[in-house]
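Visitor: I am new here and would like a friendly tour. Could you show me what we will be talking about?

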Amino acid sequence: MARSVYVTGIDRGDGRQAVELGVMELLTRQVDRVGIFRPLVHAAAPGEPGTDHVVELLRARYRLDLPATELYGLTYEEAAALQAAQGQDELVSTLVDRFRAVERSCQTVLVLGTDFADTNIPDELAFNARLANEFGAWVLPVVGGHHQDPEAVVAEVRNAHRAYTDLGCSTLAMVANRVAPSAKQQVLRGLVAKLPVPAYVLPEEPALAAPTVAQLVEATGAEVLLGDAAGLARDVRSFVFGGAMLPSFLPALTEGALVVTPGDRADLLIGSLAAHSAGAPPIAGVLLTLGQHPGPNVMALAARLAPGTPVAVVPEGSWPTAATLTHLEGRLTAASPRKAEIALGLFELHVDTAELTNRIELSRSERVTPMMFEHELLERARARRQHVVLPEGAEERVLRATEILLRRNICDLTLLGEVDAVRRKAASLGIALPQEDAAGEEAADRSRVRIVDPATSPLRQRFAELYAELRAHKGMTVELALDVVTDVSYFGTLMVQEGIADGMVSGAVHSTAATIRPAFEVIKTAPGAAIVSSVFFMCLADRVLVYGDCAVNPDPDAQQLADIAIQSAETAAQFGVEPRIAMLSYSTGTSGSGADVDKVRKATELVRALRPDLLVDGPIQYDAAVDARVAQTKLPGSAVAGRATVLIFPDLNTGNNTYKAVQRSAGAVAVGPVLQGLRKPVNDLSRGALVQDIVNTVAITAIQSQPSKGSA
């Protein structure tokens, strides 16, 4: 049994939820059965079972199938009663029994220590240390550095390390969290010099401390008059209390501000929303006080001015409302996925995840789950950061994916579109796009984004001349090309061709043809590739299969089918899937005949002749390719049958329908289509692509471009 990890602290306000999320991410990259356990939890009401927002976030994000009741030990009230009646030994024994129940069904467990807030536990640090020892877990203490000078933070961390060590704990590492960014390096130097275990320093991240509009609505008991889910998820970065006349009030608005004003001030309500709509600046929302509802005409205008922007009303006046608002801080919950991505990005940027993983000493699972495959994609893309261009810069899903990619430090990005329009759209979604030239102590280590308008870019003339030269045989001139290259797909493709970007991802709103036609014209096929084809990575519950070609070639001949098989095997190997190729047909071995079977048989022979190093078999039926028992009957002795990882379909109709059937019926995660055979990577999205689909495809594109960069 791998040792579990017990994340704990020394006081409240340390922001350790970001560390808990980061450790969970590390564990799920290595093994597919990770449990979580909260020994003590606050009850929602006396006598009721307790729940915890971090536990619920981890359950939802990592799709844990353990019953929710098993993830908690006791409520604080139950623990106090048990300890008073039977002593602490009995309390600890009860918690150990409940922990063991989780541990028995998992490969490792993340334990979330007590929260040092209204717990009524004497010597809470010692209590956490004892539980960690009884659980046999590593201890990862987190010390808060909010509003503390560097020397004080270093002293607190050293004292915490000494305290847990003296109590017999095995300390995994020490974390100083919420440290002032300007003090980070000084704190890190002090800890590295004075601690025998690894030490990590996470700077204060304002976006994590900022509450969401939804959180403020809940805290004040406000009634929501306008606003959608995305609007309610916006971060509130500041407050602007409105009492002045509109001309004096507007300059006080700042990006992400919540406007608080009496409900009878229709001028401030409409003025704030009009400023938001114009993008100068985008606000978080409006909170109306004194229980006054604006009239129907005002609300109708408000809804048209800034659709989705929250407008809510509270019964109290501005002063009691302000007292409630100013003490709220953001928190990680299942309803705030953006904050989770921010927290993970912070953790991964400032923690040596490889070092931490090695110290935990987890043995990687032989099974590869969909989540583990997705984690591996992001990790490989991050390891050698590339530059990907996204032509659909103003599309909401692309912007949300951009935020994740930047926060997780996956790659550098270029968004194409009219610059002000892209920034206004991002701001309306509550997404802060950093300036390209943003400076800072660690700016060079962070993913960067730039926004380029093809119509006004200095590259337009250069690209037009290049495109005219490439297409001169089709009658293209520079004058005509000047218009062609303002198309975002062509502009992005030319960026890749010229090495300004390493790859391109498009298709969220553009057709497949619009995405890949420029690639055919400009980038063209790679040496040795006869055609461009595609694969899907089909992430099943316990393995990853590669399906090709399910998206590009309608009816390939034998030569093309062989080329697709070789390309697909190379793609599989590039992404860590050992290629064993099954050339699929409606018959296995020599049991069938006909033109379709003969095509597959010939293609199989061509693959063997062209690449004798590859394991390939065919014709073979799908069940014989993936099920060892069927393979033993239909094709005994085959090195591929029953163990195939690369499945090549005879035509697009079969491939496309099969991948969709498996995706829906088996609950598989389909990642792709991934294009192959081009000299440089360009990948197409489904127009129904989800944000995570875009993130995965960008990561794949970045990885595809890495070999061209050499080993640097």
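Visitor: Let's begin with the inside. What percentage of the residues in the protein is buried?
Guide: Happy to start there, and please keep in mind that this is a predicted model. A residue counts as buried when its relative accessible area is under 20%. Of the 712 residues in the protein, the buried share is 56%.

Visitor: What radius of gyration does the protein have, and why does it agree with a compact globule?
Guide: For 712 residues, a compact globule would come out near 27 Å, so the protein agrees with that expectation. Along the principal axes, its C-alpha atoms fill a box of roughly 80 × 65 × 50 Å. The radius of gyration of the protein is 29 Å.

Visitor: How many helices and strands are there in the protein?
Guide: Both kinds of element are present, and we will visit a few of them by number. The protein has 29 helices and 23 strands.

Visitor: Which helix gives the most to the largest nonpolar core?
Guide: In soluble globular proteins, nonpolar side chains tend to be buried together. Here the largest nonpolar core has 72 residues, and those touching the most other members are Val19, Leu21, Val23, Leu58, Leu110 and Phe135. Seven residues of this core come from the helix that gives the most, helix 1 (residues 17–30).

Visitor: How many residues are in the second, separate core?
Guide: Look for Ala569, Ala572, Ala689 and Val695, which are included in this second core. It is separate from the one we just visited, and its size is 61 residues.

Visitor: Which residues is phenylalanine 135 in contact with, leaving aside its neighbours within four places in sequence?
Guide: Phe135 is one of the residues that touch the most other members of the largest core. Its contacts beyond those neighbours include Arg100 and Glu103. The others are Tyr6, Phe37, Pro39, Leu95, Val96, Phe99 and Val111.

Visitor: Where is the cis peptide bond that has omega near -5 degrees?
Guide: Most peptide bonds are trans. The proline of this cis bond is found in strand 20 (residues 615–620). The bond runs from glycine 618 to proline 619.

Visitor: Which strand does proline 673 lie in?
Guide: Proline 673 is joined to glycine 672 by a cis peptide bond, with omega about 5 degrees. The strand that holds proline 673 spans residues 669–676, and it is strand 22.

Visitor: Is leucine 290 buried or partly exposed?
Guide: Leucine 290 sits in the loop between strand 11 (285–289) and helix 13 (296–305). Although not a glycine, leucine 290 has a positive phi of about 65 degrees. Its relative accessibility is 46%, so leucine 290 counts as partly exposed.

Visitor: Is asparagine 409 buried or exposed?
Guide: Asparagine 409 also has a positive phi, near 60 degrees. You will find asparagine 409 in the loop between helix 18 (396–407) and strand 14 (412–416). Because its relative accessibility is 12%, asparagine 409 counts as buried.

Visitor: One last stop: what is the relative accessible area of threonine 515?
Guide: Threonine 515 belongs to helix 23 (residues 512–522). Apart from neighbours within four places in sequence, threonine 515 is in contact with residues including Met504, His510, Val682 and Asp684. Threonine 515 is buried, and its relative accessible area is 0%.

How values were computed: Residues numbered from 1 in each chain as written. Predicted model: local features only at pLDDT ≥ 70, side-chain atom pairs only at ≥ 80, totals over all residues. Heavy atoms only, no water. Helix = DSSP H or I, 4+ residues; strand = E, 2+ residues; numbered from the N terminus. Rg over C-alpha atoms; globule rule 2.2 N^0.38 Å. Buried < 20%, exposed > 50% of the residue type's maximum accessible area, 1.4 Å probe, protein only. Core = buried A, V, L, I, M, F, W, Y, C linked by side-chain atoms within 4.5 Å. Contact = heavy atoms within 4.5 Å.
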